[in-house]
Amino acid sequence: MDVLKTLEGLWQDSGFGLFFAEGGWKFIVMILVACVLLYLGIKKKFEPLLLVGIAFGCLLANLPGAGLYHPDLWDDFLNQGSEFYHSYGRILTEGGLLDILYIGVKAGVYPCLIFIGVGAMTDFGPLIANPKTFFLGAAAQFGVFFAFMGAILLGFTGNQAASIGIIGGADGPTAILTATTLAPELLGAIAIAAYSYMALIPMIQPPIMKLLTTEKERSVKMEQLREVSKTEKIVFPIVVAGFVILLLPSTAPLIGSLMFGNLLKETGVTERLSDTAQNALMNIVTLFLGISVGATTVASRFLNPQTLYIILLGLIAFCFSTVGGLLVGKLMYKLSGGKINPLIGSAGVSAVPMAARVSQMVGQKANPSNFLLMHAMGPNVAGVIGSAIAAGFMLKVFG
């Protein structure tokens, strides 16, 4: 009898036994969701560097009994009435492995380190050569504010709506930092939506581009960009960091990190640091960021109607960001007397360099001798700055 009781106790305490407890079906659903995300990341190669980590974090957090992530600890951490409000000590002593890794997300460390790496890999030369494309990067943030208004109408709070809207910026680290600060309860859904739609840009954008532009507009060949001097490339991150941060101090973490990484690349005397930022640092932080963000997709928080709304609003945000860039691109086409191809406006979303490649692909189909890639890179990198400014604005208003 003692043996039977022992075996029964082992079964009830095991994860398998918890599947049959009340609400155990939710764990099964989330494990299936994790498997789907793994399939999309591995087989379909949808943003695999982060989606695979997010998917596996989702799997680990939803294995009942594993105790790797405890949302109740983070609830107390965020509750101003709790004795554990903003107490990392309790997380360190009572939390699991993923709770500890998540501290880097909550403290805003991982997204900023990612931005150092992004800056070190970014060439702002096309933007410096054609500064008018700043307007295209700004116009492509239209989807952020359109999705924000949609979220408000669907009953989300201002903080939640701001976090959802940032999906339209097509910048994963920015979306994660904003959601972590303003609406951490939605982080998992927002991160999955952001990175999934970023991967789907080659499918989402071309139909919109063809709908809003004519064959003649898509066929426009643009003049070769002027050569940008080394001095200009060094001065640019310093000036942008100073001006933007003074204008909107809440952008300091993202803009400061982005421009610091770019300065490392352009100085010519910090090659080792630039190489570390682009490779070792970027890879290590991506590992921690993906798996810890995935851990927030626990069944009790993820399986609700809000998640479906976020996925829908994320798609709307991406579409309208593309629309905003294209419409201003068409305006610039008119004002320039037909010298600017409006397709480069769609690259104003900050998915670098994927959105620029889509502009190149659609333009080349209309005119095989068309080479828009470098022209599209201007609004593309402007979109990185634009999404950070949009996030800073949201953080200033709702933070």
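The following exercises, each with a worked solution, concern a predicted model.

**Exercise 1. The largest pocket**

Task: Determine how much space lies in the largest pocket, which residues are closest to its centre, and which helices supply its lining.

Solution.
Step 1. Begin with the volume: the largest pocket holds about 970 Å³ of space.
Step 2. Turn to the lining, which comprises 39 residues; E47, L49, M121, M282 and V352 are the closest to the pocket centre.
Step 3. Assign the lining to helices. At least two residues each come from α4 (48–61), α8 (109–121), α13 (172–182), α14 (187–199), α19 (271–294), α22 (354–366) and α23. Of the contributors, α19 gives the most, namely seven residues.
Step 4. Sort the lining by class: 25 residues are nonpolar, eight are polar and six are charged.

**Exercise 2. The enclosed cavity**

Task: State how many cavities of 30 Å³ or more are counted, and describe the lining of the largest cavity.

Solution.
Step 1. Recall the principle: rolling a probe the size of a water molecule over the atoms shows where empty space is left.
Step 2. Apply the size limit. The count is one cavity of 30 Å³ or more, and the volume of the largest cavity is about 30 Å³.
Step 3. Identify the lining: L177, S250, T251, P253, L254, A388, G392 and L395. Two or more of these residues come from each of α18 (252–266) and α23.
Step 4. Find the main contributor: α23 gives the most to this lining, with three residues.
Step 5. Classify the residues: five are nonpolar, three are polar and none is charged.

**Exercise 3. Salt bridges within one helix**

Task: For the pairs R90 with E94 and E215 with R218, locate both partners and decide whether each is buried or partly exposed.

Solution.
Step 1. Set the context: the structure contains eight salt bridges.
Step 2. Examine R90 and E94. Their side chains form a salt bridge with an N to O distance of 3.3 Å. Both residues belong to helix α6 (residues 88–94) and are four residues apart, about one turn of the helix.
Step 3. Judge their accessibility. R90 counts as buried because its relative accessibility is 15%, under the 20% limit. E94, at 43%, counts as partly exposed.
Step 4. Examine E215 and R218. The closest N and O atoms of this salt bridge are 2.9 Å apart. Helix α16 (residues 215–218) contains both partners, which are three residues apart, about one turn of the helix.
Step 5. Judge accessibility again. E215 has a relative accessibility of 44% and therefore counts as partly exposed. R218, at 10%, counts as buried.

**Exercise 4. A salt bridge between helices, and a network**

Task: Where in the chain do K330 and E217 lie, and which residues are joined into one network by salt bridges that share partners?

Solution.
Step 1. Establish the contact: K330 and E217 form a salt bridge, with the closest N and O atoms 2.8 Å apart.
Step 2. Locate the partners. K330 is in helix α21 (residues 305–335) and E217 is in helix α16; the pair is 113 residues apart and links distant parts of the chain.
Step 3. Assess E217, which is buried because its relative accessible area is 4%.
Step 4. Consider shared partners: D76, R90 and E94 are joined into one network of salt bridges.

**Exercise 5. Residues far apart in sequence**

Task: How far apart in space are M332 and K132, and how far apart are A162 and A391?

Solution.
Step 1. Place M332 in helix α21. With a relative accessible area of 10%, M332 is buried.
Step 2. Compare the separations for this pair: M332 and K132 are 200 residues apart in sequence, while their C-alpha atoms are 9.0 Å apart in space.
Step 3. Place A162 in helix α12 (residues 158–165). A162 is also buried, with a relative accessible area of 0%.
Step 4. Repeat the comparison: A162 and A391 are 229 residues apart in sequence and 8.2 Å apart in space, C-alpha to C-alpha.

**Exercise 6. A nonpolar surface patch**

Task: Which residues make the nonpolar surface patch of about 260 Å², and where does F393 lie?

Solution.
Step 1. Name the members: F145, F393 and V397 make the patch.
Step 2. Locate F393 in helix α23 (residues 373–398).
Step 3. Check the accessibility of F393. Its relative accessible area is 40%, so F393 is partly exposed. This value satisfies the patch criterion of over 30%.

Conventions:
Residues numbered from 1 in each chain as written. Predicted model: local features only at pLDDT ≥ 70, side-chain atom pairs only at ≥ 80, totals over all residues. Heavy atoms only, no water. Patch = residues over 30% accessible without salt bridge, like charges linked within 9 Å, V, L, I, M, F, W, Y side chains within 5 Å. Areas by Shrake-Rupley, 256 points an atom, 1.4 Å probe, with all protein chains shown as cover. Salt bridge = Lys/Arg side-chain N within 4 Å of Asp/Glu carboxyl O. Buried < 20%, exposed > 50% of the residue type's maximum accessible area, 1.4 Å probe, protein only. 1 Å grid on protein atoms, 1.4 Å probe; cavity = no way out; pocket = protein on both sides within 12 Å on 5 of 7 lines; lining within 4 Å. Points joined across faces, edges and corners; volume = space filled by probe spheres on them. Nonpolar A, V, L, I, M, F, W, Y, C, P; charged D, E, K, R; others polar.
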